[in-house]
Amino acid sequence: MAYQKVNADQRAPGHSQYLDNDDLQATALDLEWDMEKELEEPGFDQFQLDSAENQNLENSETADLNLDPIQPATSPKGRFQRLQEESDYVTHYTRSAPKTNPCNFGRLLKIFCTAIILFIFGILIGYYAHKNCPSNATISSGTPDLQLYQEILKTIQAEDIRKSFRNLVQLYKSEDDTEISKKIKTQWTSLGLEDVQFVNYSVLLNLPGPSPSSVTLSSSGQCFHPNGQPCSKEARKHSSQDLLYSYAAYSASGTLKAEVIDVSYGNADDLKRIKKMKNVTNQIALLKLGKLPLLYKLSLLEKAGFGGVLLYVDPCDLPKTANLSYDTFMVSLNPGGDPSTPGYPSIDGSLRQNRSNLTSLLVQPISASLVAKLISLPKDRTTNGACSPLELPNNEERIINMQIQTVTKFKTITNVIGYLKGLTSPDRYIIVGSHHHTAYSYNGQEWASSTAIITAFIRALMLRVKRGWRPDRTIVFCSWGGTAFGSIGSYEWAEDFKKVLQKNVVAYISLHSPVRGNSSLHSVASPSLQQLVAEKNNFNCSRRGQCPETNISSVQMQDDADYFINHLGVPTVRFTYEDIKALEGPSFLSEALFPKRATKIEEMDPFFNLHETITKLSGEVILQIANEPVLPFNALDIALEVQNSLKGDQPNTPQLLVLGSRLRDSAELFQSDEMRPANDPKERAPIRVRMLNDVLQGMEKSFLVQHAPPGFYRNILYHLDGKSSQFSILLEAWEHCKSLASNETLQEALSEVLNSINAAQVYFKAGLDVFESVLAGKN
């Protein structure tokens with residue numbers, strides 16, 4: 001990633017004078033050095049201390065200073081490491097040689113004694129100035145309390161996380177999540193966290209019916225459950241819980257008898273090909289999960305006229321270690337929040353809408369083993385060691401009868417919220433989010449990893465708080481309920497406190513599903529935070545002695561951070577351990593919620609070292625954002641991300657490219673001219689820092705588009721996957737345009753992107769204008 005320096009003549013006149021005044025003051029620290037240089041000038045022995053001559057010398061010193069302009073450097077870390085980046089930052093000015101006049105030995109002795117006194121005085125000034133000022137290492141690191149952070153984090157131990165994890169998994173069998181919520185609240189309160197409270201919402205949940213769904217082959221009359229086992233009382237007895245929760249929440253319910261049509265991954269090209277061969281009206285689509293958001297693919301199938309969907313995960317898309325052929329899973333068709341109160345919180349007195357299903361399609365998740373039976377494939381599908389994807393032959397017809405039973409009920413879900421108030425900026429919040437088990441859903445236990453990690457960090461943090469320390473900004477710890485049904489708990493809380501959060505939230509740190517594999521650390525971060533995350537990754541691997549290639553991206557994720565990213569424009573970070581195969585395979589497979597058991601999690605991380613690493617990495621990012629005087633966000637990286645997203649084959653109007661270039665220029669100027677001085681303790685002014693942080697905090701809000709395809713992020717800085725760098729809504733619109741004669745959708749998407757980039761450029765320009773006005777007023 002290339003960074004360029006901004007020429008000094010681009011700065012506002014008022015600001016240039018501000019920087020130059022500081023440099024004039026900096027020359028005082030080199031008093032003894034300048035005096036020594038004068039003593040060494042040729043002809044010094046003829047120097048005459050005449051009072052009139054001395055007065056002329058004093059008047060000429062300032063006039064003769066070589067005031068070279070300071071060229072502001074754009075720091076790729078956005079945190080002004082000027083003493084490290086530019087060795088000549090404090091310019092040593094040379095004075096012109098004094099006039100030579102004859103002098104006697106007595107005058108020379110007086111001058112020599114004066115020089116010795118000034119030299120000693122200069123050493124004392126330099127000593128105390130160095131003692132009271134931060135070291136270069138501190139300035140370059142951007143972290144004034146790096147040692148303090150390490151002292152806090154070193155108390156986090158893997159064994160403590162494992163004990164907490166095992167205690168939590170024993171609670172999940174309760175009928176509702178009250179017991180787990182009480183346990184979390186009690187534990188957080190006992191650790192010393194302030195103001196821990198329950199926040200409850202009555203929400204509409206779509207739950208399994210009294211008996212499992214079924215699929216029946218018309219040709220043979222064979223009936224199967226979603227896991228591929230024959231319909232029988234014995235099968236229901238041994239795996240009734242998993243069978244019940246193999247369903248799509250908020251799907252339509254009922255029965256449908258129709259032909260099964262293989263649509264592969266269900267993208268626009270797949271459907272265009274299928275519609276040329278067959279009539280798809282009211283038929284059943286056999287759909288693979290992955291590559292595109294499920295809600296988007298279902299919207300295409302619904303628009304094409306399909307009546308039902310059999311959804312599965314192809315084993316060829318999974319790591320070899322994941323043998324899930326016979327496992328069932330749950331998906332949610334809820335885009336987020338309580339379906340009965342779309343866009344507003346589920347508080348007492350709110351209007352409740354009757355939305356028992358969010359699609360007209362009958363959607364049923366099934367196992368890969370059932371798919372193999374439907375298309376009559378042999379058990380061994382490997383060819384020369386390579387996995388053969390599941391595929392229904394086009395020349396064969398399969399008629400099935402699918403039956404889905406679900407019920408909708410209002411239930412109470414609980415969020416646990418705890419606060420650690422900030423010392424100097426208590427009205428600025430860093431949200432730390434985990435989630436706990438929600439009753440009435442599948443029996444997965446990965447939530448215990450999330451809860452154990454956030455509890456371990458709270459324990460380490462409160463040990464230091466009890467000794468008198470506090471972060472500058474408030475840290476809000478959240479354990480969300482209702483995550484499996486569409487991030488309901490986080491959505492409702494954020495909608496409830498939207499007006500406060502829009503103004504006050506600085507960042508969101510996610511601890512959602514921290515350990516999904518054990519081979520690769522994958523970090524998802526907003527563009528403005530990627531430099532900070534890279535620093536933490538590199539520092540962590542240097543301690544461990546292993547430094548693989550850093551894997552950081554801004555991609556969509558299934559997470560409780562959804563509302564904060566897409567409705568509030570909050571910068572977000574999440575660290576996760578994954579399998580490399582999972583990262584290389586299709587995206588969006590994590591939309592399938594397989595019931596991952598505690599034993600499986602302990603197999604992946606038997607000593608909980610990965611859990612400890614995630615806790616410490618997340619904790620260091622939290623501490624740095626909560627405690628740095630200037631937020632560690634990078635304005636220029638956002639502009640560079642926008643320019644990268646405009647590359648590629650999709651059509652871009654000239655206006656987009658021009659605006660992208662303007663945005664980069666404004667971001668460069670903002671980062672070098674405004675952020676740089678604020679991060680130097682010698683130039684830092686509280687009002688300037690507060691103004692700067694307000695600008696940094698709102699940078700991503702400009703990139704929230706009004707309309708996005710179903711399942712796509714409204715925040716266009718995030719991509720569908722790590723393989724594509726283009727704006728997601730432009731890619732989708734271009735694919736849509738190719739299949740239709742009209743390009744109206746493409747023009748709308750181009751307009752959305754153009755307005756977002758323009759809004760961001762205006763935002764940075766306004767920030768620069770405000771700083772220039774403040775500086776002009778001071779002068």
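**Entry 1: helix α7 against helix α21**

I started with this pair, and α7 and α21 turn out oblique to each other (angles under 35 degrees count as roughly parallel, over 145 as roughly antiparallel, 65 to 115 as roughly perpendicular, and the rest as oblique). I read the crossing angle as roughly 140°, with the axes of α7 (residues 146-153) and α21 (residues 609-627) coming within 10 Å (axes are lines fitted to C-alpha atoms, for helices over the stretch in contact, with angles from 0 to 180 degrees between N-to-C directions). The helix labels are DSSP runs numbered from the N terminus (H or I, at least four residues, for helices; E, at least two, for strands). I also noted the handedness: α7 passes α21 in a right-handed crossing (the near helix is turned clockwise from the far one by less than a right angle; anticlockwise would be left-handed).

Note to self on the source: this is a predicted model, where local features need pLDDT of at least 70, side-chain atom pairs count only at pLDDT 80 or more, and totals for chains, interfaces and linings use all residues. Residues are numbered from 1 along each chain as its sequence is written, and side-chain values use heavy atoms, leaving out hydrogens and water.

**Entry 2: helix α14 against helix α21**

I then checked what α14 does with α21. Their axes are 10 Å apart and they pack at about 55°, which makes α14 oblique to α21. The crossing of α14 past α21 is right-handed.

**Entry 3: salt bridges**

How many salt bridges does the structure hold? I get 18 (each is a side-chain nitrogen of Lys or Arg within 4 Å of a carboxyl oxygen of Asp or Glu). As background, side chains of opposite charge can pair when their charged atoms come close.

I pulled up Glu-151 with Arg-464, where the closest N and O atoms are 3.0 Å apart. This pair links distant parts of the chain, with Glu-151 in α7 and Arg-464 in α14 (residues 447-465), 313 residues apart. I looked up the accessibility of both ends: Glu-151 is partly exposed at 30% relative accessibility, whereas Arg-464 is buried at 18% (buried means under 20% relative accessible area, exposed over 50%, partly exposed in between, with a 1.4 Å probe and protein chains only).

Another pair I opened is Glu-620 with Lys-536, at 3.5 Å from N to O. Here Glu-620 sits in α21 and Lys-536 in α17 (residues 530-544), so I logged it as linking distant parts of the chain, 84 residues apart. Both ends came up buried: Glu-620 has 2% relative accessibility, and Lys-536 has 6%.

Next I took Arg-352 and Asp-338, whose closest N and O atoms are 2.9 Å apart. Both lie in the loop between β8 (331-332) and β9 (362-365), so this bridge ties together parts that are 14 residues apart in sequence. I find Arg-352 partly exposed at 30%, while Asp-338 is buried at 2%.

I also wrote down a network of salt bridges that links Asp-427, Arg-428, Arg-690 and Asp-694.

**Entry 4: positive phi values**

Which residues other than glycine have a positive phi? I noted Asn-282, with phi near 60°, and Phe-588, with phi near 70°. Asn-282 lies in the loop between α11 (268-277) and β6 (284-288), and I have it as partly exposed at 44%. Phe-588 lies in the loop between α19 (580-584) and α20 (598-604), and at 6% it counts as buried.

**Entry 5: Glu-259**

I looked up Glu-259 and found this residue in strand β5 (residues 254-262). Glu-259 is buried, with a relative accessible area of 12%. I checked its separation from Ile-400: the two C-alpha atoms are 6.4 Å apart, with these positions 141 residues apart along the chain.

**Entry 6: a nonpolar surface patch**

Last lookup: Ile-116, Phe-119, Ile-120 and Ile-123 make a nonpolar surface patch of about 320 Å². Patch residues have over 30% relative accessible area and no salt bridge (like charges joined within 9 Å; nonpolar side chains, meaning Val, Leu, Ile, Met, Phe, Trp and Tyr, within 5 Å). Areas are Shrake-Rupley with a 1.4 Å probe, and for residues only the protein chains shown count as cover. I placed Phe-119 in α5 (residues 105-132), where this residue is partly exposed at 30%.
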